[in-house]
Amino acid sequence: QVQLVESGGGLVQPGGSLRLSCAASGIFFSINAMGWYRQAPGKQRELVARITSVNSTNYADSVKGRFTISRDNVKNTVYLQMNSLKPEDTAVYYCNVQTINAYWGQGTQVTVSS
């Protein structure tokens, strides 16, 4: 059974940093890409950052220069380092793993507020 276990969310002040982690287990096919999406209240889920099996990355324009995605292929884990956080980054962040299927984590809340 595929499991994606997310961690690292929480409450942080504007300008602060958080690091999200997502560990995937039970996946027997090659992982093509791993990524992070987010959904704020009343808004659609959107791509934050994505990294492929050859470490090609892409980011939403709103997070470029502030967020960094990375992955550990041995541990099947993807990370999202979030710096210079803004109140508009507040959302539930979801991990996504793509093999021949797509899998989603349960979501972790990130709240940026003073």
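## Strand pairing

Strand β1 (residues 3–7) pairs with strand β3 (residues 18–25) through five bridges, in the antiparallel sense. The model is a predicted one. Within this pair, S7 sits opposite S21 of β3.

On to the next pairing. Strand β3 also runs antiparallel to strand β8 (residues 77–82), and six bridges join the two. Two of the residue pairs can be named. C22 has V78 as its bridge partner in β8. A23 has T77 as its bridge partner in β8.

## The open sheet

Four strands make up an open sheet, in the order β1-β3-β8-β7. The pairing is antiparallel. Strands β1 and β7 stand at the edges. Each has a single partner strand, so one side of each is left without a neighbour in the sheet. From one strand to the next, the twist averages 15 degrees.

## S21 in strand β3

S21 belongs to strand β3. Its relative accessibility is 17%. The cut-off for burial is under 20%, so S21 counts as buried.

Beyond its neighbours within four places in sequence, S21 is in contact with V5, E6 and S7. W36, V78 and Y79 are also among the contacts of S21.

## The disulfide

The structure holds one disulfide. C22 and C95 form this bond, with their sulfur atoms 2.1 Å apart. The pair links distant parts of the chain. C22 lies in strand β3 and C95 in strand β9, 73 residues apart.

The torsion about the S-S bond of C22 and C95 is about -80 degrees, so the disulfide is left-handed. Both cysteines, C22 and C95, are buried.

## The nonpolar core

The largest nonpolar core has 28 residues. W36, L80, M82 and Y93 are the residues with the most contacts inside it. Seven strands can be listed as suppliers of at least two core residues each: β3, β4 (33–39), β5 (46–52), β7, β8, β9 (91–98) and β11 (108–112).

Y93 has contacts in many parts of the sequence, leaving out residues up to four places away. Y93 touches W36, L80 and M82. Other residues touched by Y93 are E6, L20, Y37, R38, V48, F67, G107, T108 and V110.

## R71 in strand β7

R71 is found in strand β7 (residues 67–72). Strand β7 is an edge strand of the open sheet. R71 is nonetheless buried, with a relative accessible area of 14%. That value falls under the 20% cut-off, so R71 is classed as buried.

The side chain of R71 makes two polar approaches worth noting. One is to the backbone oxygen of I51, at 3.4 Å. The other is a polar contact of 2.6 Å with the side chain of N73.

Setting aside neighbours within four places in sequence, R71 is in contact with I31, N32, A33 and M34. R71 is also in contact with I51, T52, S53 and N55. T77 and V78 complete the list for R71. T77 is the bridge partner of A23, and V78 is the bridge partner of C22. By contrast, Q44 is 25 Å from R71, C-alpha to C-alpha. R71 and Q44 are 27 residues apart in sequence.

Note on methods: Residues are numbered from 1 along each chain as its sequence is written. This is a predicted model: local features need pLDDT of at least 70, side-chain atom pairs count only at pLDDT 80 or more; totals for chains, interfaces and linings use all residues. Side-chain values use heavy atoms; hydrogens and water are left out. Buried means under 20% relative accessible area, exposed over 50%, partly exposed in between (1.4 Å probe, protein chains only). Contact means heavy atoms within 4.5 Å. A polar contact is a pair of N or O atoms within 3.5 Å; within protein, one must be able to donate a hydrogen and the other to accept it, and residues adjacent in sequence count only if both atoms are side-chain atoms. Two strands pair if DSSP finds at least two bridges between them. A nonpolar core is a set of buried Ala, Val, Leu, Ile, Met, Phe, Trp, Tyr and Cys residues joined through side-chain atoms within 4.5 Å. Axes are lines fitted to C-alpha atoms, for helices over the stretch in contact, and angles run from 0 to 180 degrees between N-to-C directions. A disulfide is a pair of cysteine sulfur atoms within 2.5 Å.
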